[in-house]
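Student: I am new to this structure and would like to be guided through it. May we proceed by question and answer, beginning with the sheets?

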Amino acid sequence: HPLTRKLIMATLLISLFGCFQKKEKKNDLSSWLETNIPGQLEVVNNIVNLDLKNLYIKKTSTIVADKSDPEVQIVITWFKEQQPDLGVTIDEVKASLAKSKHEVEAARNLFTNLKKSGLDKISVGVIEMAAYILVFDEPSPELRKPYLEKILATLDALPDHEQTSIWIEWMEPAAYQEHFKEIIPYGYWQRGDSYHESKKIMSLDFEWSPGLKPDILMTGWAINSSSGRSITYMEDAYKAASTWAGKNIPSPFYLEPAQMVQMGPVDDDPMAIEFSFPYFDSKPDTEQSGFEDSALGYVTGIYQTDQKTFTKIKKTDEL
């Protein structure tokens, strides 16, 4: 029937028109940026957030970079639904961008001056009043003091710098320029994984004031017991723990080198890690759930990371 055919055609046209409309109205941040601040910014990645509430309200936080200067990065929080214009305003984005540009400029200035002081294999980041100086070298006691002296001298010589909270973090040498070059972009700190902790060997943080002496700060270095390097320390400590256990624990017993080993900081020595190795009457099946319940106790001691010694070893029934 001609009327039926016309109705079918009209329905198809409406459906097609609806499809085109949906394609045109993309409700995402990239589209919003291109519409409101064309050609200036690009999405780097979304920040991982496991809060289920954010999924429900369609809330997303995204790292965005300046196309002309990608080290300038900001975070934009936006809502896919329920809020007009994603809940984002042009003024807020431009204010965040101006702040980031100011911080990147400060980081570049500090980096340039530290480089002139003779420091090599470093990266610098600035967030508000804090400066982060990452050093990618072996963190020997012989190197730590001259690095600290040069950093303090550089800060003293810089006119009117806003950064007074100073974080020096000694990183794995192999991580040098793996994810960024001279400047640490803001997005790096928002990774949401354990990469930084695994690569950070030790750190020193302090409030800077003019004329601060390095000797006062040297005792503030603290080892990071969560680093990947702690596995090497643990293996070294295990050798000494095993020798001690052979003399002090009645046979038969089995001292576990890796599974269920406890580790943590030491209050009176920030450059030491306490390790506790569980022991059993025989080697347990670590694949089986609840194997740790059969532990008879622990061999515990203090591993000094500079001296590479494992001392104050003792047996404990439980932790």
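Tutor: Certainly. The model is a predicted one. An open sheet of three strands has the order β1-β2-β3, with antiparallel pairing. Its edge strands, each paired on one side only, are β1 (41-46) and β3. Neighbouring strands of this sheet are turned against each other, direction ignored, by an average of 35°.

Student: Over how many bridges do β1 and β2 pair, and which residue in β2 is the bridge partner of Leu 41?

Tutor: The two strands pair in the antiparallel sense, over five bridges. For Leu 41, the bridge partner in β2 is Asp 66.

Student: Which strands of this sheet does helix α2 touch, and what angle does its direction make with that of β1?

Tutor: Helix α2 comprises residues 29-36 and packs on the sheet. The strands it touches are β1, β2 and β3, and its direction makes with that of β1 an angle of about 165°.

Student: How many residues does the hairpin between β2 and β3 pass through?

Tutor: Strand β2 (residues 59-66) pairs with strand β3 (residues 69-79) in the antiparallel sense over eight bridges. Within this pairing, Ala 65 has Gln 73 in β3 as its bridge partner. The hairpin that joins β2 to β3 does so through two residues.

Student: What is the strand order of the five-stranded sheet, and which strands are at its edges?

Tutor: This open sheet has mixed pairing and the order β4-β5-β6-β7-β8. Each edge strand pairs on one side only, and these strands are β4 (122-127) and β8 (222-223).

Student: How many bridges join β6 to β7, and which residue in β7 stands opposite Ile 166?

Tutor: Strand β6 (residues 165-171) runs antiparallel to strand β7 (residues 200-207), and seven bridges join them. Opposite Ile 166, in β7, stands Phe 206.

Student: Which strands of the five-stranded sheet do α4 and α5 touch?

Tutor: Helix α4 (residues 90-116) packs on the sheet at β4 and β5 (130-136), its direction making about 150° with that of β4. Helix α4 also lies across β1, β2 and β3, running at about 150° to β3. Helix α5 packs on the five-stranded sheet with its direction at about 150° to that of β6, and the strands it touches are β4, β5, β6 and β7.

Student: Why does Thr 154 count as buried, and which residues is it in contact with beyond its neighbours in sequence?

Tutor: Thr 154 is found in helix α5 (residues 141-157). It counts as buried because its relative accessibility is 5%, and buried means under 20%. Leaving aside neighbours within four places in sequence, the contacts of Thr 154 are Leu 110, Asn 113, Leu 114 and Ser 117.

Student: Which element gives the most to the lining of the largest cavity?

Tutor: The structure holds two cavities of 30 Å³ or more, and the largest has about 90 Å³ of space. Its lining has 14 residues, with Glu 103, Val 104, Val 126, Ile 184 and Tyr 186 nearest the centre. At least two lining residues come from each of β3, α4 and β4. The element that gives the most, with four residues, is α4.

Student: What is the volume of the second largest cavity?

Tutor: Its lining includes Phe 136, Met 171 and His 179. The lining residues divide into six nonpolar, two polar and one charged. The volume of the second largest cavity is about 50 Å³.

Methods:
Residues are numbered from 1 along each chain as its sequence is written. This is a predicted model: local features need pLDDT of at least 70, side-chain atom pairs count only at pLDDT 80 or more; totals for chains, interfaces and linings use all residues. Side-chain values use heavy atoms; hydrogens and water are left out. Buried means under 20% relative accessible area, exposed over 50%, partly exposed in between (1.4 Å probe, protein chains only). Contact means heavy atoms within 4.5 Å. Two strands pair if DSSP finds at least two bridges between them. Axes are lines fitted to C-alpha atoms, for helices over the stretch in contact, and angles run from 0 to 180 degrees between N-to-C directions. On a 1 Å grid over the protein atoms alone, a cavity is a set of points where a 1.4 Å probe fits but cannot get out, and a pocket is an open set with protein on both sides within 12 Å along at least five of seven lines; lining residues have an atom within 4 Å of a point. Grid points are joined across faces, edges and corners, and a volume is the space filled by probe spheres set on the points. Ala, Val, Leu, Ile, Met, Phe, Trp, Tyr, Cys and Pro count as nonpolar, Asp, Glu, Lys and Arg as charged, and the others, Gly among them, as polar.
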